[in-house]
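Colleague: I have a model open on my screen and would like to go through the wording used for it. Could you talk me through the reasoning behind the terms?

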Number of protein chains: 2
Amino acid sequence: MSEQGHFDEKPPLEDQPAGEHWNAEEFRRRGYQVIDWLARYFETVESLPVCSQIEPGEIFAALPEHPPASGEPFEAILADLDKIVMPGITHWQHPSWFAYFNANTSGPSILADLVSSGLGVQGMLWQTSPACTEVETRMLDWLVELLGLPDTFLSTGEGGGVIQDTASSATLCALVAARERATNFEVDRSGVDGPLAVYASKEAHSSVEKSVRIAGIGQRNLRLIDTDDDLRMDPGALRVAIDADRDAGITPVMVVATIGTTATTAIDPVRKIAEVCFKSGIWLHADAAHAGTAAVLEEMRWIHDGLELVDSYCFNPHKWMFVNFDCNAFWVRDRSALVRALSVLPEYLRNSATESGKVIDYRDWHIPLGRRFRSLKLWFTMRHYGVKGLRRYISEHISWAGELEERVLEHPDLELAAPRTVNLVCLRHRLGDEATRQLIETVNADGTMFVTHAAVKDCHVMRICIGGTTTGKEHVDRAWQRIDSAARKLG
Amino acid sequence: MSEQGHFDEKPPLEDQPAGEHWNAEEFRRRGYQVIDWLARYFETVESLPVCSQIEPGEIFAALPEHPPASGEPFEAILADLDKIVMPGITHWQHPSWFAYFNANTSGPSILADLVSSGLGVQGMLWQTSPACTEVETRMLDWLVELLGLPDTFLSTGEGGGVIQDTASSATLCALVAARERATNFEVDRSGVDGPLAVYASKEAHSSVEKSVRIAGIGQRNLRLIDTDDDLRMDPGALRVAIDADRDAGITPVMVVATIGTTATTAIDPVRKIAEVCFKSGIWLHADAAHAGTAAVLEEMRWIHDGLELVDSYCFNPHKWMFVNFDCNAFWVRDRSALVRALSVLPEYLRNSATESGKVIDYRDWHIPLGRRFRSLKLWFTMRHYGVKGLRRYISEHISWAGELEERVLEHPDLELAAPRTVNLVCLRHRLGDEATRQLIETVNADGTMFVTHAAVKDCHVMRICIGGTTTGKEHVDRAWQRIDSAARKLG
């Protein structure tokens, strides 16, 4: 996939010897080559099978057993990228990717990330590269406005936002802050003493359980609350569970409300859950990893109803907002609770800016110490698209999902497996799980599209998520034709 | 810093309207622009003040309060990158960067990261992009050979390696695995019950304390063990502390040995520490975040003496091995202990490859679920430089540090503040802390170089770390001239 045509117009240059640091000119030449390679990839990805067809171990075996003794020419590396690596790529950026949730991206975001890689600055402290901190703070404030999130999250008040790698890490940080608040920092000092409990719906993401285990609270102390017919957490059942724990001497620490569950994008009733939490003084974290992006549209902001009452919230611009991975946006309404739980200040990091109290040191807002300049991706993306451009594309995805839902409702052999809330349609074959399994297998079989499954109310279900950057109406239509035809054959 | 000259040779193209997805041709044009911008940055960075001179809040204030309603031209974004962001950059890639530890990078690594951003694949499961997993497994095996690490870490045995974002996260993962092993997974099920303890030297990194707090073990249960005159952990004191805890009914969970402490790169005696741990069945984690890279040189492998006895180990190619952030390489000798502690498998992630048991799913090796294709950076970098190229540059850094050390030893007004082990020299003024403080301030004052401080045996100390990609002998010499001259004036 590499292409060098562009260089024909330039006077030939001597290659710098492999094994040596590149000078700026060599970087430029090689940079053009990789940009060309990627441009060609974007042009051709649609013609590739969405899913890699290789067998376990093939790529591992194709790579030499030992690192090279001497440096190799850049052309050899790019050639192996095509030959060895590309057959093992499952193409998340394929226009007919409808699997899991998207991890979409965009040209401006990719180039912003390139600037970040090149500048190579560390933003662990304000002092270590002030722009890395201040652009991030402003971008997280922009996102509050873009999504119509409550002012409680703005950095200009008591709250504030930070970029985490993933929603998993955001949940863990929320949990640590919640736990310290609930125990008045006894855990921080002396370790967990006596049982604590965490609450989320049965449909919540697996990262809640993972966080509970990492934090040492124990899987048995995660209460998975029942959901209603639409797979939304039942606030009444939540209250009962909290009361029972209190009666048993167990300290409730945090409730996680999911705004857009992984299986079906069900939206938990945040306002009602918040009322339960508020009464008991329990930290409420809202996880809108995928669905949050929908709120760029005013008509979709109902998904965030009650959000002014939560303690923390996150969504992933790296899923559906054209910002490449990793970029999870995480806010708290009381930044001091988060910072107190995560701050450690050794001598070698002391500096006058930190001591002035006038700056944010983001290392105190997450697990890692080091951090790269990720907010550039948000800046480039929001500026390139503008609010209007983002709304246009997100609105298209949701409306195409709506049309697909209509088609399912009208189909003789298919049925909706769950209500559609944003850009995900869940369907099943009327003949049951085995037919649905076969349906998924059939539509995925020739590699022109890719959908995945979930379990919904103990049924096997096909999920179709429409959120790719390059996905057009025609790709959704073609997917539907395959689904329709396969379903009729089974029916 | 943007430069468009290159495009003069091409037929003029219409700009795609701002706010729309780019086609491949637009990506190519804009990509060249950003490559040019970075090449120009590399050419000019030496002429910029190392540290940003801005005041807290300046950049935040210079950015508009609201996201733009409509998309903006790419030229406007690049112009603001120069105007607003660059004055707030502290240049970690400046050749006269001697502060903290380096976070160095290289052309091949930056371009590999660009490929990763562009492909935009998720490697949470083998299934979701097999190459992302298998290249990583092979690269971590290559690193074992490159650094002469024990075979116990190879993926072909019971162990294996994984890329984490930072050493902080690696420590936390090691701690979670260690804790579950020590408590026979009681914590995993029911939460921490009864006090646990963790051990590290007084010179260990702050991330050990942070991990202990996040895991709910409590800061009081972190034992900071005394060090010897050379600031290395005292294995005798460690044994005493462990015995005392056992006598008091406290369960020892993990010992962290530091191979290259942050203040002075002291090397803990891993073999002796391992003997203590082995007897008590305590998990031993070795953190070589910065210094590990030195082991590309056979004559430096003494730093890893005893490593075949540890349970887990990590170092950061993103510090000193010309791989851009983030890339921490973390190994365990028993991967099942790690995976058992971190694995959660919901229905929507089930797949036949996972169930076959023939593949690695790296999401079970760290905190996040999503993961990008970071091993490309290791692949491009190791192939471009080869073992020989890496040895050459690392060896230069160490030998320049050695020469600097000699100069300090011969200087009338300066003294070494700690033994030099790799590429870090710690010195102080003979007149004491205040003079050392002034010395640091003076050499940093005109922005042509940057060093930071540490506390060593209650003294204020200047640290000079020599590990920049663009740092040459001449930069070290110039830094020495400034230090020498400032020291004499104070003296």
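Colleague: Why are helix 6 of chain A and helix 8 of chain A called oblique to each other?

Modeller: Happy to explain, and please keep in mind that this is a predicted model. Helix 6 (residues 167-182) and helix 8 (residues 206-214) of chain A pack at about 45°, and their axes are 9 Å apart. Roughly parallel needs an angle under 35 degrees and roughly perpendicular runs from 65 to 115. The angle of about 45° fits neither class, so helix 6 of chain A and helix 8 of chain A are oblique. Their crossing is right-handed.

Colleague: How do you know which residues of helix 6 of chain A meet helix 8 of chain A?

Modeller: The test for a contact is heavy atoms within 4.5 Å. From helix 6 of chain A come Ser168(A), Thr171(A), Leu172(A) and Leu175(A), and they meet Ser207(A), Val208(A), Ser211(A), Val212(A) and Ile214(A) of helix 8 of chain A. By class, the contact of these two helices has five nonpolar residues, four polar and no charged.

Colleague: What makes helix 9 of chain A roughly parallel to helix 10 of chain A?

Modeller: Again, look at the angle. Helix 9 (residues 235-247) and helix 10 (residues 270-280) of chain A pack at about 20°, with 9 Å between their axes. The limit for roughly parallel is under 35 degrees, and therefore helix 9 of chain A counts as roughly parallel to helix 10 of chain A. Helix 9 of chain A passes helix 10 of chain A in a right-handed crossing. On the helix 9 side the contact is made by Pro235(A), Leu238(A), Arg239(A), Ile242(A) and Arg246(A), and on the helix 10 side by Lys272(A), Ile273(A), Val276(A) and Ser280(A). These residues divide into five nonpolar, one polar and three charged.

Colleague: Why are helix 4 of chain A and helix 4 of chain B described as roughly antiparallel or roughly parallel?

Modeller: Roughly antiparallel is the term here. The axes of helix 4 (residues 107-119) of chain A and helix 4 (residues 107-119) of chain B cross at roughly 155° and come within 9 Å. An angle over 145 degrees counts as roughly antiparallel, and that is why the term applies to helix 4 of chain A and helix 4 of chain B. Their crossing is right-handed. Ile110(A), Asp113(A), Leu114(A), Ser117(A) and Gly118(A) make the contact from chain A, with Ile110(B), Asp113(B), Leu114(B), Ser117(B) and Gly118(B) from chain B. The residues of this contact are four nonpolar, four polar and two charged.

Colleague: How many residues does the contact between chain B and chain A take from each?

Modeller: The contact takes 160 residues from chain B and 160 residues from chain A. About 14300 Å² is buried between chain B and chain A, and carbon and sulfur atoms give 62% of that. Within chain B, His21(B), Tyr348(B) and Arg383(B) lose the most area to chain A, together 6% of what that side buries.

Colleague: What area do domain 1 and domain 3 of chain A bury between them?

Modeller: Chain A is divided into domain 1 (5-88), domain 2 (110-380) and domain 3 (386-490). The C-alpha centres of domain 1 and domain 3 of chain A lie 35 Å apart. Five residues of domain 1 are in contact with six residues of domain 3 in chain A. Between them, domain 1 and domain 3 of chain A bury about 370 Å², 59% of it on carbon and sulfur atoms. Glu46(A), Val50(A) and Cys51(A) supply 83% of the area that domain 1 of chain A buries against domain 3 of chain A, more than any other three residues.

Colleague: Which peptide bond in chain A is cis, and what is its omega?

Modeller: The bond joining Phe325(A) and Asp326(A) is cis, with omega about 5°. Asp326(A) sits in the loop between helix 11 (317-320) and strand 7 (328-332) of chain A. In chain B, the bond from Phe325(B) to Asp326(B) is cis, with omega near 5°.

Conventions: Residues are numbered from 1 along each chain as its sequence is written. Chains are lettered from A and ligands numbered from 1 in the order in which they are written. This is a predicted model: local features need pLDDT of at least 70, side-chain atom pairs count only at pLDDT 80 or more; totals for chains, interfaces and linings use all residues. Side-chain values use heavy atoms; hydrogens and water are left out. Axes are lines fitted to C-alpha atoms, for helices over the stretch in contact, and angles run from 0 to 180 degrees between N-to-C directions. Helices (H or I, at least four residues) and strands (E, at least two) are DSSP runs, numbered from the N terminus. A crossing is left-handed if the near helix is turned anticlockwise from the far one by less than a right angle, and right-handed if clockwise. Ala, Val, Leu, Ile, Met, Phe, Trp, Tyr, Cys and Pro count as nonpolar, Asp, Glu, Lys and Arg as charged, and the others, Gly among them, as polar. Domain bounds come from an automatic or database domain assignment. Buried area is the accessible area (1.4 Å probe) that two parts lose on being put together, summed over both.
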